[in-house]
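Trainee: Got a minute? I'd like to walk through this fold with you, starting with how the pieces pack.
Mentor: Sure, pull it up.

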Amino acid sequence: MKLLITGGLGFIGSEIARQSIEKGFETIVVDKVTYAGDLERLRGYEKKYSFYKEDITNREGISKILLEVKPDVVVHTAAETHVDRSIKDPAIFIETNVGGTQVVLDAAKEVGVSKFINFSTDEVYGALGEDGQFTENTPLNPHSPYSVSKAAADMLGRAYFHTFNLPVITVRPSNNYGPWQYPEKLVPVMIFKAHMGENLPVYGKGQNVREWLHVKDCAGAVFAVIEKGQPGEVYNIGSGEEKRNIDTVKAILSLMNKPESLIEFVKDRPGHDFRYSLSVEKIKRELGWEPEITFEIGMKNTVEWYLDNLDWMKTKLSDLKSYWEKAYYK
Ligand code: TYD
């Protein structure tokens, strides 16, 4: 099987690429290599995959790659993904996530593929209070420029199934964590800052709840969807591991033997979604997929991985310092 991954140098895309290579699939990575893409993530896999540096909004370039490669399956993960960046600068989220998804869908339609996995997110459903869960039938009600761009891309993919018969399958995972995540997201920000002895900026009172899915489990679910998922369907991918942010941060500090006095409550993110929680009954029932990595084990391994890979983190440090100066709300 030939598998083409857009955003294959990203955090989730590269895990899908690694698993694809391990499974012996012919693996093709397409990536623009923005701040969030890094060839290092496929260290050790050189020569085991083909790589095209391309921006998904470049219609001609993307069409050329797909016509040349003729993939059986496209896994479309390429996107701008960080909510805080979408609050500071929404335009690129619409351009890349909506415009770029349309380009990739068109190219797949032109060449013909057996499956197109369109990466969405639990954030397209909006936010929950203390109770309840999102099922695949929950109406979309996104709140941030990021989640609106993902909801548009999600719906566009389903429109290509209904209108053009393109075999699009939509996946909506919860918050991923694990090795190689760029330190703008909660988990690696906290690990990196704790390591440097800096304060850990927790929004509001840290009461917001996220459902933490290890990236290996997320990629595993994607392969279950490639193998057994039905075109036109949507599958939630979650772990059931719901945590308040403050508890996630305390767990990280405890794994690192660092004091809780490093925690600093900072001004809240505007429009901060309170809670996401996914029902995963459908993917369990229909595809037999279940997460394997508990929060306890996954977070321990993740902290260890970052501490073993500080050199990689340090290559990001100067970009991160200027990002962090602007990122937090005043
Ligand atoms: P994030 O990793 O940005 O993912 P998302 O917003 O897509 O869920 O944030 C996870 C949670 O952590 C979210 O509730 C915001 C919060 N958060 C902080 O409290 N401090 C931080 O520095 C960051 C990056 C996030």
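Mentor: One term before we start: contact here means heavy atoms within 4.5 Å. And keep in mind that this is a predicted model.
Trainee: Okay. Which residues in helix 6 and helix 10 meet?
Mentor: From helix 6 you have Val-187, Pro-188, Ile-191 and His-195, and they meet Met-299, Thr-302, Val-303, Tyr-306 and Leu-307 of helix 10. Sorted by class, that contact has seven nonpolar residues, two polar ones and no charged ones.
Trainee: And at what angle do the axes of helix 6 and helix 10 cross?
Mentor: Roughly 50 degrees, with the axes of helix 6 (residues 186–196) and helix 10 (residues 295–308) coming within 10 Å. That makes helix 6 oblique to helix 10.
Trainee: Is that crossing left-handed or right-handed?
Mentor: Helix 6 passes helix 10 in a right-handed crossing.
Trainee: What about helix 6 and helix 8, at what angle do they cross?
Mentor: Their axes come within 10 Å too, and cross at roughly 40 degrees, so helix 6 and helix 8 are oblique to each other. Helix 6 passes helix 8 in a right-handed crossing.
Trainee: Which residues meet there, between helix 6 and helix 8?
Mentor: On the helix 6 side, Leu-186, Val-187, Met-190, Ile-191 and Ala-194; on the helix 8 side, Asn-245, Thr-248, Val-249, Ile-252 and Leu-253. By class, the helix 6 contact with helix 8 counts eight nonpolar, two polar and no charged residues.
Trainee: Switching topic to the sheet. What's the strand order?
Mentor: The order is 3-2-1-4-5-6-11, in an open sheet of seven strands with parallel pairing.
Trainee: Which are the edge strands?
Mentor: Strand 3 (50–53) and strand 11 (234–237), each of which pairs on one side only. The twist averages 20 degrees from one strand to the next.
Trainee: How many bridges join strand 1 to strand 4?
Mentor: Four, and strand 1 (residues 2–6) runs parallel to strand 4 (residues 73–76). To find your place, look at Leu-4, which stands opposite Val-74 in strand 4.
Trainee: Which strands does helix 4 touch?
Mentor: Helix 4 (residues 91–111) packs on the sheet and touches strand 1, strand 4, strand 5 (115–119) and strand 6 (168–173). The direction of helix 4 makes about 175 degrees with that of strand 5.
Trainee: And helix 7, which strands does that one touch?
Mentor: Helix 7 (residues 215–228) also packs on the sheet, touching strand 1, strand 4, strand 5, strand 6 and strand 11. Against strand 5, the direction of helix 7 makes about 150 degrees.

How values were computed
Residues are numbered from 1 along each chain as its sequence is written. This is a predicted model: local features need pLDDT of at least 70, side-chain atom pairs count only at pLDDT 80 or more; totals for chains, interfaces and linings use all residues. Side-chain values use heavy atoms; hydrogens and water are left out. Axes are lines fitted to C-alpha atoms, for helices over the stretch in contact, and angles run from 0 to 180 degrees between N-to-C directions. Helices (H or I, at least four residues) and strands (E, at least two) are DSSP runs, numbered from the N terminus. Angles under 35 degrees count as roughly parallel, over 145 as roughly antiparallel, 65 to 115 as roughly perpendicular and the rest as oblique. A crossing is left-handed if the near helix is turned anticlockwise from the far one by less than a right angle, and right-handed if clockwise. Ala, Val, Leu, Ile, Met, Phe, Trp, Tyr, Cys and Pro count as nonpolar, Asp, Glu, Lys and Arg as charged, and the others, Gly among them, as polar. Two strands pair if DSSP finds at least two bridges between them.
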